[in-house]
Each structure stands twice: as structure tokens, then as C-alpha cells.
Protein chains: 2
Amino acid sequence: MSGAAHLTLTTDVVPFAIHGERLEVLLARQAADWRLPGGPIAAGEELDAAARRYLAAQTGLNDVYLEQLYTFAQPKRHAGQRMVTVAYFALVSTDFPSDDGAPADRQAHWIAVNELPAQAPDGAEIVALAHRRLASKLAYSTIALQLMTEHFTLSELQAVHETILGETLDKRNFRKRILALDCIEQTGALERRRGHRPARLFRAKRPGQVDFIK
Amino acid sequence: MSGAAHLTLTTDVVPFAIHGERLEVLLARQAADWRLPGGPIAAGEELDAAARRYLAAQTGLNDVYLEQLYTFAQPKRHAGQRMVTVAYFALVSTDFPSDDGAPADRQAHWIAVNELPAQAPDGAEIVALAHRRLASKLAYSTIALQLMTEHFTLSELQAVHETILGETLDKRNFRKRILALDCIEQTGALERRRGHRPARLFRAKRPGQVDFIK
DNA sequence: ACAAAAGTGTTTTTGTTACACCCATGT
DNA sequence: ACATGGGTGTAACAAAAACACTTTTGT
């Protein structure tokens, strides 16, 4: 009746960010290769606390949006040792450094979701599942705001949606829809970039909070 | 670094069925009181296999639709022993016996979701979460068919939707929508009940399979 | 003949999609 | 003056909601 024999409970986190029209995942160095951040859950620790702890320790990420994805059991991975993984995904704002330091020194680095290396067991499947979940949530929540910096333009927000969905959206329809959600407001400031009209900056009305639609 | 100390991994299952316009949950006897079916996962066992095993052993249910819901950790439940629960919900067809035998003898019994007893830790929350998930899936999948008997009338299917959603639906709009999904077909037979026109019987085109919409 | 649930279309309203031009800036 | 992305409204279409009467059976 005891299911506890040689059981290791771990978390894996899929940390997403958008960098230059690409959806990327932050991988952590583990021995020779790159893996999703994560590791065993400590005694008395909450699951999401463990996920946050490994994110911080292995990648330096803090204060991200975190959501439980799915729980996987690998019935017998290596000799007697059994592993159960609670998978999470995290959304990281675009201004978190995309990659710093020399490639060899980094303890973590971003890689595009469609260029994942042969990786941790099930790593690619977990990422694919997280990607699907994220894409479907765009339709009925304000979750994309968790990927934005504090201030952002509507075109930037649209580009985030387009990157996740893998399709282009109509500018006027997108703006109509987003503004109707009443989830963002103008800051009053403008973002000026060379060579064209400055864009209005917006911010989330309820930063950190994900609202559902309808 | 070892998260395995005194860790018990368990499953809990929320088995739903519709009985007479009520959404009910099947509880299993555990010592003095009634609990969601479930228990510790055996070594080398898949998570959903454990859920099915406990359902069968504690309630007699077999071959139900099963879906993972969420994973909960109770950081320290009783003295050192830690419990992590992978929650599932199950959908049971209406013809599974609603309750048989004398109340005192039963090893399991159905109870309406809005009349749950003070129960297992988090029992009511797990049921509520499962109920919300089920209700939202009605909008974009054919999941409700998993609650039906092999043959059923459109009015019965509509009643199942109404019971889960807690609101009445328009008969013509409901039929238009369901038939457009191309998930059910007429059997040719009629169900005749006293006192009114007989109803056409339908069956699922792909029983056991849940299709998604759009 | 009456009660009770089954069955059936059309109109109205709402939301979604498609679409093209002017604006403000930097060079 | 030109290149670049920012910003804006309307018409067509599709989907969802509202709505009432006839049919078939049992009593």
C-alpha cells in the first residue's frame, strides 16, 4: 500500500519569453547539456514554490507568472528510482536579458521553441504542450500581458500574439478586440523610434493579474 | 536535495454522473466517513492507471472517461508524512446504478455536488474545480457524450448540459448546435414513454472519443 | 378531448472578418 | 520628398439568440 518507495517528486518549468519575433524557452545547464529548469521538491515545500526556487537558482528569474501544466509519471526511469514531474510554464517579460555573457559561461540560455535540442526526457513534448496551452489561452484571457514589459505599444502586443499563434493578425481588428477587454490603458507617453511616427505606450490596468473573457 | 523523504503520492478521482437533473459525485466509504475515491500510487504504476484501479476497487466503476485535473501538495499533513495528490475527474454514464443496497451496506454512494458533506481535505474544492472544468468543456468539446448511455434522446442530452451549466437552454438552438457538430447519429429506433410522442434515439458516432470544436 | 413532451424555421441581434488610407516622424 | 511604421472606421458576413406552433402518443 505504500507508494512512497524510491519516489522522487520534481518540477520542470517551461519559461517562455518573446525575443525578436521568436518564442523562446530558457534552458538551464545541467552537466553536459541543456534542460528545462527544475528539480526535486523539498520536504514541506509547495509545488509552485519549488518551481519558483529552481527558476531563480538555475536561471536568475524572479517574479514571473507561473501556471501548473500537467503531471507526468515515468514509471521506471533508472533502476528502482521513480520520477514524477509536475510541469509548470512561466511567462517572462521581454526585457529580461535575452542572453548575456559568453556562450560557454552562461548557466542558462534562451532557445527558440522550434529549435530545441534533443533534450531531457519528454522535454520537447512538455514544451509543445505548454505552447498549445498558452496559444489557446490567448483567445480567452489577458495572459499575453504577462510577457510584456511594464510599458508597451499595441504593435508590440500584437507581435507577441502573432508569434505565439504563428499567424498574422489584422491590426484594426486586434486593437478593437484588445481595447474592448478593458485590460490596458494609455500611459500618456510616447515611444519614439527613428524614422516613423511615435507610438502610444500602454500599461496593464491590473498588472500581474490574468483576466478571463466573457 | 532529496525530495523523497516520507512522500506519499496519491490520486483522488471525482466521478461525475447525472441522476434525475442532478449532478452527482460518487464517494467511497473510508473508515467512518465518505471520501473521493483514490489512494496511494503503487511503484511502477502510471498515474491514470492508479486512478482507474481505485475507482474499480472502491466503487466498482470501470471503463470511464478519465482526465487529469490538477496536482495538489499538502506540505505537511500528519506528522512528517507528506501527501501529494494528483486529482482526476471521471465521467460515468447515467445507467450506472445510482445507489443499490441498503444505505448502511454500500461501499460507495452518489451525492449531489451541492450537498457534499464536510469531507476529505480539499474535497469540496477539488469537486468545485472539476465541475468548473467540465462546464467550460461543454462549450468547446463533445465531452458531455461521455455521461450518456449508449442510446439517448436529444432532450436527455440537453438536460445533461443544463444540469452541468445550471441554466436552461433553448431547445431549437441546442439541437441545431449539437447536430452541426456531426458527433451523433440517429439509431432509427424510438424511445416510447407514456403520455407523449416518442423520441428519436441517438448514439455517439465515435463513442469513447472526445472531439474538440472549431 | 386533453395533457405532455417531441419536433421544427425564421427573424433579430450580435460579433467577426475583410479591407485602405492618412499621420507623424527621421533621413 | 520619401520611407517607415502608427493610427483609424465601415460594410459584409457569419454566428448566436430569441421566439411559437404543430405532432404524436397515452389516458
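1. How far does a polar side-chain atom of Arg175(B) lie from a phosphate oxygen of DNA strand C? The separation is 3.3 Å. The model is predicted, and this value, like those below, is computed from it.

2. Two further side chains of chain B approach DNA strand C at its bases. For Arg172(B), an N or O atom of the side chain is 3.4 Å from a base nitrogen. For Lys176(B), the partner is a base oxygen, and the distance to a side-chain N or O atom is 3.2 Å. Arg175(B), by contrast, is paired with a phosphate oxygen.

3. The surroundings of DNA strand C comprise 20 residues. The closest are Gly195(A) from chain A and, from chain B, Ser155(B), Lys171(B), Arg172(B) and Arg200(B). On the DNA side, 44% of the atoms of strand C that come within 4 Å of the protein belong to sugar and phosphate. Arg172(B) thus appears both in the list of closest residues and in the contact to a base nitrogen.

4. Which elements supply at least two residues each to the surface near DNA strand C? In chain A it is α4 (171-180); in chain B they are α4 (171-180) and β9 (199-204). The most comes from α4(B), with 4 residues.

5. By class, the surface near DNA strand C holds 11 charged, 6 polar and 3 nonpolar residues. Among the charged residues named above as closest to the strand are Lys171(B), Arg172(B) and Arg200(B).

6. The second topic is the contact between the two protein chains. Chain A and chain B contribute 23 residues each. About 2,000 Å² is buried between them, and carbon and sulfur atoms give 59% of that area. Within chain B, the residues that lose the most area to chain A are Leu7(B), Gln68(B) and Arg82(B); together they make up 22% of what that side buries.

7. What is the count of salt bridges between chain B and chain A? It is 0. Polar contacts are present, with 7 residue pairs counted, both residues of each pair being at pLDDT 80 or more.

8. On the side of chain B that touches chain A, four elements supply at least two residues each: β1 (7-19), α1 (47-59), β5 (65-78) and β6 (81-91). The largest share, 6 residues, comes from β5(B). The classes on this side are 16 nonpolar, 4 polar and 3 charged residues. For the surface near DNA strand C, the corresponding figures are 3 nonpolar, 6 polar and 11 charged.

Note on methods. Residues numbered from 1 in each chain as written. Chains lettered and ligands numbered in written order. Predicted model: local features only at pLDDT ≥ 70, side-chain atom pairs only at ≥ 80, totals over all residues. Heavy atoms only, no water. Near = heavy atom within 4 Å. Polar contact = N/O pair within 3.5 Å; in protein donor to acceptor, adjacent residues only side chain to side chain. Contact = heavy atoms within 4.5 Å. Buried area = accessible area lost by both parts, 1.4 Å probe. Salt bridge = Lys/Arg side-chain N within 4 Å of Asp/Glu carboxyl O.
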